[in-house]
Amino acid sequence: MKRTRAGWYEAARKAAALVPYLAAVAAVFIALAPVYWLLTISLKREVDQFAYPPQWIGFTATLEHYRDAFAGGSFAAYFENSVLLAAISTLAALAIGVPAAYGLARFEWPRQWDHRIGDWILSTRMLPPIVTIVPLFLMLRQARLLNSLTGLAIVYTGFNLPFVVWMMRGFFEEVPKEIEEAAMLDGESRAGALLRIVLPLVRPGLAATAVFCLVVAWNEFLFALILTQTEAAMTLPVGIASRVTQYEIKWGAMSAAGVVAMIPVLVFAAAAQKYLVRGLSLGAVKG
Amino acid sequence: MLEITGITKRFGAREAVSAVSLSACAGEFVVLLGPSGCGNTTLMRMIAGLETPDEGTIRLCGEDITRRDPRERDIAMVFQNYALYPHMTIAQNIGYPLRVRKRPAAEIEAEVKKVAARLGLSGLLANLPRQLSGGERQRAALARAIIRRPKAFLMDEPLSNLDARLRVEMRAELKHLQHELKIVTIYVTHDQAEAMTLAHRIAVMRDGKIQQFDTPANVYQRPLNTFVAQFVGSPSMNLIQRDGVILGVRPEDVQLSASAQAGASPGRIYVTEEMGNETIVVVSDGSSQITARCPAGARFEFDSTVWYRFKPDKVHRFDSSGARIPD
Amino acid sequence: MLLALSIYPLIYSVKLAAADRRNFTRLFTDRLFLTASIQTIWLTLSALSIEFLLGLALALLIDSLARGRMFFRTALLIPMLLPPVVAAVAWRLIYNPQFGVLNGTLRRLGFHTADLTWTSGESSALASVILVDVWEWTPFLFLLLSAGLQAIPPEPLEAARVDGAGAWRIFRDVTLPLLKPTIVLALLLRTMDLVRIFDQIFILTQGGPGTATETVSLYIYRTAFRFSNFGYAAAMSFVLLAATLLFSRGLLRAMRAR
């Protein structure tokens with residue numbers, strides 16, 4: 001059947017409607033291709049890794065690099081260090097930061113103070129790490145905490161603390177005061193109201209804040225690089241970096257370590273997706 | 001029963017409540033009526049223990065509770081936005097005050113069922129607050145307040161978030177419930193109709209002070225000053241400046257006629273509003289406007305001339321400061 | 001705790017830098033510091049403008065889709081979430097002139113790739129670093145601007161349509177002004193991060209070849225921890241701090257305006 005002019009017009013319109021989707025798919029391809037490439041390198045036999053033409057699909061997959069990196073190599077130890085460090089510094093930051101945030105959110109503060117506390121918290125977050133690293137390095141050296149997980153955990157806790165206070169304060173402020181008051185009239189003490197009514201209500205925010213702390217500690221590189229220079233205290237990013245700057249790079253094992261390093265972050269990010277915008281904009285945009 | 005003496009509360013330099021004294025008898029329904037910001041909510045929050053007064057005492061059943069923790073006062077409160085716990089089901093919400101008091105689970109369940117049935121919530125007990133309509137949330141909040149039979153009820157504009165029809169319905173429901181429970185109730189509102197219909201006594205408040213504390217009938221018929229006179233009653237009382245005194249006339253005490261009559265003054269029809277059961281007529285006499293309440297069916301053309309007259313025994317007189325001049 | 005970790009190090013570094021006044025005078029004559037500063041500024045400005053335009057375009061694009069928005073949004077965020085070190089490693093694999101997949105693919109498509117040296121070429125290294133940053137952080141701009149777009153109430157847009165405005169006018173007269181606070185915020189946050197860029201460059205080029213990708217952060221690092229000149233490093237930190245403070249004041253104001 002011959003198409004009418006209206007039919008052609010309709011078809012063209014449909015095709016035009018696809019253009020944005022094609023653009024979006026292209027953007028996703030660009031965003032994911034490097035990640036995918038890293039994944040393939042970690043799964044390829046060494047002979048295939050840099051073959052020409054590049055093999056995107058259909059190569060022989062092997063897990064030898066993962067075995068190489070984690071079973072025999074030192075990446076397992078780095079991994080463990082990173083996990084410990086992220087967990088401890090996050091817990092510590094939450095333990096100190098959450099009560100502080102509650103206090104800031106619920107009790108009346110002089111208006112000026114309020115601004116100042118806020119500015120101060122944000123400023124510490126904005127400080128370029130390289131600015132504080134020299135004195136921190138010298139201080140930790142004096143305290144004999146260089147090259148130790150303890151030293152790094154303290155630094156990360158201090159790093160995450162302002163963020164915890166800031167974010168949790170926002171979440172606490174979102175719980176209507178009346179709910180807490182209702183609980184107190186119903187017979188709770190203030191602590192009881194906080195524990196049994198307010199905390200369950202801010203739980204999603206608390207979880208998101210924890211995830212952000214975990215990711216920051218997990219991804220952090222500069223402090224770890226400078227404050228831990230021995231094998232025993234290295235974190236995963238530092239471990240990977242130390243391999244890159246060697247002359248003979250074992251790309252397979254390193255890619256494998258890289259893939260393993262990014263998995264927790266992606267899992268966490270998926271868990272905290274709802275609060276991603278808020279966390280990344282330091283609470284300024286409530287996404 | 002509930003006795004408030006010389007309560008003052010300051011926020012910074014501003015006095016939100018100034019030396020207020022007030023008492024409510026057992027089982028009494030007292031309404032704190034006033035525009036927003038007049039201090040009635042603050043006064044209520046001090047009774048609840050959510051704010052601490054700077055001066056004065058609050059006694060409940062003979063005990064001084066001025067500085068007690070909210071939870072030690074045995075007072076229940078219904079909040080304007082209901083303040084239901086969003087993460088608990090309706091049953092858990094209603095039962096919460098008993099759970100805090102560590103009553104046995106079986107007793108709590110039975111009580112919750114009883115109260116829920118009383119307020120028509122039986123089918124909603126497993127739902128979360130956000131799944132309920134405004135009226136249902138309102139009743140859930142009420143249920144949570146009455147379940148433990150407190151010594152006093154506080155209600156902070158509990159009906160203001162409901163639509164007009166539901167508000168009237170709940171108003172009647174609330175009044176009957178309070179009659180049944182016979183628990184002293186303090187109720188904050190800025191809606192004079194709510195105050196008139198619910199209260200045994202109304203405390204009209206303005207700028208942190210009580211202007212008049214009396215029965216609805218007395219507040220309506222013998223307002224102590226022009227503020228009370230205008231705040232209570234709808235449409236508002238007409239106030240007319242004449243010879244250094246202020247005359248106050250309720251719209252129903254204004255009589256209109258189409259022809260000149262003895263003692264009547266002429267004016268022009270500004271607007272007429274048919275209400276169905278009555279007609280509100282606004283007359284302009286050049287310098288001021290006078291509102292009259294006429295029987296249904298009264299018809300006047302825009303801008304036509306009418307004669308108005310005040311029922312002589314119904315004219316209130318206030319001095320230039322606004323205070324009532326004794327008859 | 002906060003004090004110990006924010007204020008004290010600052011005081012400490014003042015002492016450190018001020019111990020020898022030459023630390024500050026040297027700043028003005030240090031060629032390398034000048035180069036690093038210029039390169040940091042150049043990198044910041046170009047990466048920021050590209051990321052902003054791309055991020056805005058992506059936000060508008062994804063916002064206009066009828067279906068699959070959630071999927072695209074999630075997928076596009078991934079580069080930003082990766083550990084920067086891992087992202088940089090991936091790009092090293094891609095950029096390698098002989099074995100890298102980028103040149104490999106281009107050659108396969110018939111391009112001449114012999115002089116495409118990417119990070120190892122003196123003239124192309126900085127641009128290559130910028131490209132990685134664009135890849136990694138455009139998602140950030142995209143995410144914030146998307147959230148900003150969604151926060152715009154539909155009424156003004158509808159009113160503009162009723163008033164007869166076309167798509168471009170609506171964008172220029174309604175969307176953009178309403179989006180402005182978000183834009184300012186996003187740009188400032190991103191600037192702060194760009195000024196202190198370290199991880200990616202450390203892995204990709206270590207500041208080289210020569211000094212082609214040297215930035216202030218990297219130079220401070222090298223001065224302190226390779227040459228153990230802590231005093232001079234502290235002095236340079238102050239310059240960086242002053243620059244950041246200037247920006248952060250603007251940022252705080254922008255945040256409060258929201």
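These legends accompany several close-up views of a predicted model.

**View 1. Chain C, helix after helix.** Let us start with chain C as a whole, which contains 12 helices and zero strands. Read from the N terminus, its elements run α-α-α-α-α-α-α-α-α-α-α-α. The C-alpha trace of chain C spans about 70 × 55 × 35 Å along its principal axes. Chain C has 258 residues, and 47% of them count as buried. Among the contacts in chain C with a separation of 6 or more, 71% are accounted for by residues 24 or more positions apart.

**View 2. Where chain C meets chain A.** Two pairs of chains are in contact, and chains A and C share the most contacts. Here 61 residues of chain A are in contact with 70 residues of chain C. On the chain C side, helix α12 (residues 230-257) gives the most, with 11 residues. The side of chain C that touches chain A is made up of 54 nonpolar, 11 polar and five charged residues. Chain B makes a useful counterpoint: no contact joins chain B and chain C, and their closest C-alpha atoms lie 22 Å apart.

**View 3. A closer look at C:V89 and the nonpolar core.** The largest nonpolar core has 252 residues. C:V89 is listed with those that have the most contacts inside this core, together with A:V164, A:A257, B:L32, B:M77, B:A143 and B:L154. Helix α7 (residues 149-174) of chain A gives the most to the core, with 16 residues. Zooming in on C:V89 and leaving aside its neighbours within four places in sequence, we find it in contact with A:L38, A:I240, A:V244, A:M254, A:G258 and C:I203.

**View 4. The two domains of chain A.** Chain A is divided into domain 1 (5-62) and domain 2 (73-280). The centres of these two domains, taken over C-alpha atoms, are separated by 35 Å. Six residues from domain 1 of chain A and six residues from domain 2 of chain A take part in the contact. On the domain 1 side, α1 (5-43) and α2 (46-49) of chain A each supply at least two residues. The largest share of that side comes from α1(A), with four residues. By type, the residues of the side of domain 1 that touches domain 2 divide into three nonpolar, two polar and one charged.

**View 5. Helix α6 of chain A and its bend.** Helix α6 (residues 129-142) of chain A has 14 residues, which at 1.5 Å a residue should span 20 Å. Its end C-alpha atoms are 20 Å apart, so the expected and modelled spans agree. Look for A:P135, where α6(A) bends by about 30 degrees. A:P135 is also buried, as are A:I130, A:V131, A:T132, A:I133, A:V134, A:L136, A:F137 and A:L140 of this helix. Just after α6(A), A:R144 takes a positive phi of about 55 degrees.

**View 6. A:K14, out on helix α1.** Is A:K14 buried or exposed? This residue is found in helix α1 of chain A. A:K14 has 9 other C-beta atoms within 10 Å, and therefore counts as exposed, the cut-off being 12 or fewer. For a sense of scale, compare its position with that of A:R141: the two residues are 127 apart in sequence and 67 Å apart in space, C-alpha to C-alpha.

Terms used: Residues are numbered from 1 along each chain as its sequence is written. Chains are lettered from A and ligands numbered from 1 in the order in which they are written. This is a predicted model: local features need pLDDT of at least 70, side-chain atom pairs count only at pLDDT 80 or more; totals for chains, interfaces and linings use all residues. Two residues are in contact if their C-beta atoms, placed from the backbone, lie within 7 Å. Ala, Val, Leu, Ile, Met, Phe, Trp, Tyr, Cys and Pro count as nonpolar, Asp, Glu, Lys and Arg as charged, and the others, Gly among them, as polar. Domain bounds come from an automatic or database domain assignment. The expected span of a helix is 1.5 Å times one less than its number of residues. The bend at a residue is the angle between axes fitted to the seven residues ending there and the seven starting there. A residue is buried if 20 or more other C-beta atoms lie within 10 Å of its own, exposed if 12 or fewer, and partly exposed in between; C-beta atoms are placed from the backbone. A nonpolar core is a set of buried Ala, Val, Leu, Ile, Met, Phe, Trp, Tyr and Cys residues joined through C-beta atoms within 7 Å.
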